[in-house]
Amino acid sequence: MDKKVIAVIMGGGRGSRLHPLTKERCKPAVPLAGKYRLVDIPISNCLNSEINRIYLLTQFNTASLHRHIKEAYRFDPFGGGTVDILSAEQTEKGDNWYQGTADAVRQNIHHFANGDYDYILILSGDQLYRMDFRDILKEHVDSKADVTVSAIPFPVSQVEGLGLMRVNDDLEISEFVEKPTDPNVIDGLAISESIESGLKTKSEGEKRCLASMGIYVFNRNTMEEALSGDATDFGKEVIPGLLGSCKLSSYVFEGYWEDIGTVKAFFEANLQLADPFPQFNFFSEGNPVYTRARYLPASKINRCSINHVIVGDGCIITDSYLKRCVIGIRSTLREGARLENVVMMGADIFESADDRERNRREGIPDIGVGMNCEIKNAIIDKGARIGHNVRLNPKGKLDGYSKDGVFVRDGVICVTKNAIVPDNTIA
């Protein structure tokens, strides 16, 4: 399979809906589940599907992502594998930023021109799911499709912001509508009874539509022809434009899938990982999620009350109360800290005794959470310094609230990367 297929992962645009988490990094580089990055999900799905020629297209705040890819994905010289980052670049043909998903592939298609492949797999860099891409590729080949779109059944009340498709009983796509808002249009795109009866998951009384997951398989020649024009986006232009001239099929995926495009979605997707039986399970034998090997010590937890918590490597947590939290690598929580519904991303360094003494002289807190802090419904980004006796809670605060590196977005407190939150702050 790896001799036939290349995978292209979309790094996303400015990631404005994930701001402030994307203030200094692109979406695929946002930390996930205490030790991973979002980009590890599509890359791991590829590697577990025996696809090892992977291209990552990026253009905004790429330094953190470049560093992670360089440290995490090193292949031996005999297997022909690579995770290659392709950023927007100036060439003789143009010097424009990527104008959309299709334009990003168009600007880089010359990098693939001499490759030995028949199919190109298009993926997103900000989704949480586990899929064996060999299944969609097999269905694509067996159906003799030119393009296959991976789709997931969604109740009609939850399809806002998603591309929807109408399919025939053989799963060939007959209509594709990008992000419809008219209830009558959505209702008209509902899955037929014959298709609904063949699905493993069953509807709970509400009609369902097939929503695009932003995962596409193109035949090589179809992709080259589709990008010969000026279309800039796959969902808005390329896929609808191919209807009637090419065979478009859908592949129905019925597992867990979350588009982590907003602060709220990111927050909830992380916290559900701490549940006893999470919808996405990192503890999967034979299908690991790969990431950078950091060689950190095991975490040290002293006299704590912990309930439904994920703790990454290299943490020191002392006399703290944690309930439904994700605690990232190198996190430090000091005596009396109380965290509930908190995603803490950790830190990039361990502070030495000299570092802490310098902090005292400069009047700034140490990295981590200080003594006697109470934090609820929050995301604490990497390297944040939260002083003693701090109270953070979004309750009663409107989106856009801002104070001392603390923002409220989608009803969630966000402490920005490397922020300094002084002692006794209440926000």
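**Reading the largest pocket and two loop residues**

Analyst: In this predicted model, α3 (101-112), β6 (119-124), β11 (208-219), α8 (234-242) and β13 (257-259) each supply at least two residues of the lining of the largest pocket. Helices (H or I, at least four residues) and strands (E, at least two) are DSSP runs, numbered from the N terminus. Local features need pLDDT of at least 70, side-chain atom pairs count only at pLDDT 80 or more, and totals for chains, interfaces and linings use all residues. Residues are numbered from 1 along each chain as its sequence is written, and side-chain values use heavy atoms, without hydrogens and water.

User: How is empty space found, and what is the volume of the largest pocket?

Analyst: Rolling a probe the size of a water molecule over the atoms shows where empty space is left. On a 1 Å grid over the protein atoms alone, a pocket is an open set of points where a 1.4 Å probe fits, with protein on both sides within 12 Å along at least five of seven lines; lining residues have an atom within 4 Å of a point. Here the largest pocket has a volume of about 1400 Å³, the space filled by probe spheres set on the points, which are joined across faces, edges and corners.

User: Which residues lie nearest the centre of the largest pocket?

Analyst: R17, K27, D126, K179 and D259 do, out of 44 lining residues. β11 gives the largest share of the lining, 4 residues.

User: Where is E50 found?

Analyst: E50 sits in the loop between α1 (40-48) and β4 (53-58). Its phi is positive, about 65°, although E50 is not a glycine.
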